[in-house]
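This note is intended for a colleague who is meeting the structure for the first time. Please read the points below with the model in view.

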Amino acid sequence: MKITNRPASEADLPYLMWLRRETMDDHLRASGETPSNAYHAQRLHYRFDCADVLVRDDRPVGLLKVARDPGEWEIIQIQLDPSLQGQGVGRMLLEEIVSEAQNTGANLTLKVLTANPARKLYEQLGFEVCGVEGNEVRMRLRSRE
């Protein structure tokens, strides 16, 4: 499955809002939050300069937002179209980011909602819990031995 990426633009916001609601509302509710358009818009605009739209067959299928600051990278958002979930696409994307971060010597962190099952995948890839902030678990990639 060939997935490419391109920088997100303001024109992508309607799709990205739909994707965010589709992929995050249930996890937010399960974590004790009441999802709103205002909350989702704030999260979409946060570090929008780092946002890439994932594309397959010339149509958007996801969002990947990684802040690659010197020495410290953060996976801010990764959302896939529900039709692609469970097919290894998320794992593939994450493995690429992990490899890239390790090759540059950057630390890699992320936050995941307490009720989001993606946490299991992050743990499989070597992320460990390093803190809890409200309804989010902060995770850091284990350093290579």
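The points that follow treat the sheet, the helix across it and the nonpolar cores.

1. The model is predicted. Its sheet is open and consists of 7 strands in the order β1-β2-β3-β4-β5-β7-β6, and the pairing is mixed. The edges are formed by β1 (4-7) and β6 (127-133); each has a single partner strand, so one side of each remains without a neighbour in the sheet. On average, neighbouring strands are turned by 30° against each other, direction ignored.

2. At one end of that order, β1 pairs with β2 (residues 51-56) in the antiparallel sense, over 4 bridges. Within β2, valine 53 is the residue that stands opposite arginine 6.

3. Helix α3 (residues 89-104) lies across β2, β3 (59-69), β4 (72-80), β5 (107-113), β6 and β7 (136-141). With respect to β4, helix α3 runs at about 170°.

4. The largest nonpolar core has 25 residues, and those touching the most other members are Leu54, Ile75, Leu108, Leu110, Tyr122, Phe127 and Met139. Two or more residues are given to this core by each of β3, β4, α3, β5 and β7. Which element supplies the largest share of this core? It is α3, with 6 residues.

5. Leucine 110 merits separate inspection. Leaving aside residues up to four places away in sequence, leucine 110 touches Glu74, Ile75, Tyr122, Phe127, Val137, Arg138 and Met139.

6. Another core, of 12 residues, lies apart from the largest one. Its members include Leu19, Leu44, Ala51 and Val55.

Key. Residues are numbered from 1 along each chain as its sequence is written. This is a predicted model: local features need pLDDT of at least 70, side-chain atom pairs count only at pLDDT 80 or more; totals for chains, interfaces and linings use all residues. Side-chain values use heavy atoms; hydrogens and water are left out. Two strands pair if DSSP finds at least two bridges between them. Axes are lines fitted to C-alpha atoms, for helices over the stretch in contact, and angles run from 0 to 180 degrees between N-to-C directions. Contact means heavy atoms within 4.5 Å. A nonpolar core is a set of buried Ala, Val, Leu, Ile, Met, Phe, Trp, Tyr and Cys residues joined through side-chain atoms within 4.5 Å. Buried means under 20% relative accessible area, exposed over 50%, partly exposed in between (1.4 Å probe, protein chains only).
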